[in-house]
Amino acid sequence: MTSNETPRPLRSLLYVPGDKPRAIEKAPGLGADAVILDLEDAVAPEHKADARRDVQDALSGRWPVPVFVRVNGLGTEWEHEDREMALMAGVNGLVLPKVEDARAVQALHLRVPLWAMIETPRGVLAAPEIAAVAGVAGLLVGANDLARALRTRPDPERRPLLHALSAVVLSARAHGKVPVDAVFNDVRDAEGFARECAQGRTLGFAGKTVIHPGQVAGANAAYGVSDEEAQTARQLLAAWTQARAQGLSVVAHNGALIEQMHADEAQEQLDLWAAARRL
Ligand SMILES: CC(C)(COP(=O)(O)OP(=O)(O)OC[C@H]1O[C@@H](n2cnc3c(N)ncnc32)[C@H](O)[C@@H]1OP(=O)(O)O)[C@@H](O)C(=O)NCCC(=O)NCCSC(=O)C[C@H](O)C(=O)O
Ligand SMILES: [Mg+2]
């Protein structure tokens, strides 16, 4: 595996509102690779304190997958208590919304991995520095906030956001961090969701944030490695091994050029396939 990949797959990261006990109760069993208990935009100001208590209770239980908390943003009246609660409760990672300043992230000196949300124009421009901060595990796109801030119009192909999406991938990958794509709002539109997952994977994202149980399997499939893809990777590696044994450093396999980087990529695919099967 290259340094740009996570040791375990993060194909789907399921947001769960911190003030919805039924959803929290269901979350561990829904097949998502990680769960994000949300204290930010999914929770109204008057429910923040209750939601924080509910999330604290939930974190005391057993979680079969990594569980993160999205705390309220830096400078809000809730940020400090959210963070203290999540850290004390032993969360696996903190999701920090609307990150714009690498120095502010650095100053937190967190003892758990931080997932920085890039969802403002300034955040996009600062993404390379934010991704470079030690302790930042990955960048998550917040496309709703970003579209609002940029005054873009809805577009099924996300053309107005493509520059920002690629900037996030580029920044994360440059520093060996994990880029995670934004949520897809229409939970009834399975076709649109699948299209957006495929686009995100093509752009280089490692996984997708999702908001509904019905989106988990689609994200896992789109960002996972199928049995067929694993078999293709095995065949490529076999051809490469044979080529190297003959002292070759470039060979045609099924009519297409392969070099060391293709073998590395095939190995990475197999590692991901095996890791997903272990889950
Ligand atoms: C989107 C929803 C509001 C839809 O809710 P609803 O219509 O009630 O869903 P269903 O009736 O279809 O639910 C069926 C059952 O599934 C459970 N459920 C629903 N959503 C979740 C979930 N996210 N996690 C776990 N379980 C869930 C329901 O409890 C039902 O269970 P049962 O009672 O047994 O039938 C809703 O899905 C929802 O609230 N989703 C999460 C929204 C959220 O977290 N938003 C904040 C993060 S996204 C964001 O902020 C964007 C970003 O910052 C940006 O800028 O882009
Ligand atoms: Mg947002």
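Does R158 count as buried or exposed, and how many C-beta neighbours does R158 have inside 10 Å? I will start there, because R158 counts as buried, with 20 C-beta neighbours inside 10 Å. By the rule used here, a residue is buried if 20 or more other C-beta atoms lie within 10 Å of its own, exposed if 12 or fewer, and partly exposed in between, with the C-beta atoms placed from the backbone.

Before going on, I should say that this is a predicted model, in which local features need pLDDT of at least 70 and side-chain atom pairs count only at pLDDT 80 or more, while totals for chains, interfaces and linings use all residues. Residues are numbered from 1 along each chain as its sequence is written, and chains are lettered from A and ligands numbered from 1 in the order in which they are written.

R158 lies in the loop between α6 and α7, and R151 is found in that loop too; helices (H or I, at least four residues) and strands (E, at least two) are DSSP runs, numbered from the N terminus. R151, however, is exposed, with 7 other C-beta atoms within 10 Å. Phi is near 60 degrees in R151 and near 55 degrees in R158, a positive value in each case. That deserves a remark, because most residues other than glycine have a negative phi.

Let me turn to the ligand. Which residues come nearest to ligand 1? Of the 22 residues around ligand 1, they are Y15, A23, G142, N144 and D145, where a residue is near a molecule if its C-beta atom, placed from the backbone, lies within 6 Å of it. Strand β1 (12-17) and the helices α1 (21-26) and α6 (143-150) each supply at least two residues of this shell, and β1 gives the most, with four. By character, the shell divides into 13 nonpolar, three polar and six charged residues. Here Ala, Val, Leu, Ile, Met, Phe, Trp, Tyr, Cys and Pro count as nonpolar, Asp, Glu, Lys and Arg as charged, and the others, Gly among them, as polar.

Next comes the interior. The largest nonpolar core, meaning a set of buried Ala, Val, Leu, Ile, Met, Phe, Trp, Tyr and Cys residues joined through C-beta atoms within 7 Å, has 65 residues, of which V35, I36, V69, L94, A116 and L139 touch the most other members. Apart from it lies another core, of five residues, among them A233, W240, I258 and A266.

V55, in helix α2 (residues 48-59), is buried, with 27 other C-beta atoms within 10 Å. Leaving out residues up to four places away in sequence, V55 touches G18, L37, L39 and V69, and a contact requires the two C-beta atoms, placed from the backbone, to lie within 7 Å. The C-alpha atoms of V55 and M85 are separated by 8.9 Å, although these residues are 30 apart along the chain.

Further along, helix α9 (residues 216-223) has the buried residues G218, A219, N220, A222 and Y223, which pack against β1, α8 (190-203) and β8 (207-210). In the loop between β8 and α9 we find G214, which counts as partly exposed, with 13 C-beta neighbours inside 10 Å.

Finally, the protein chain is divided into domain 1 (12-223) and domain 2 (227-278), with bounds that come from an automatic or database domain assignment, and the C-alpha centres of the two lie 33 Å apart.
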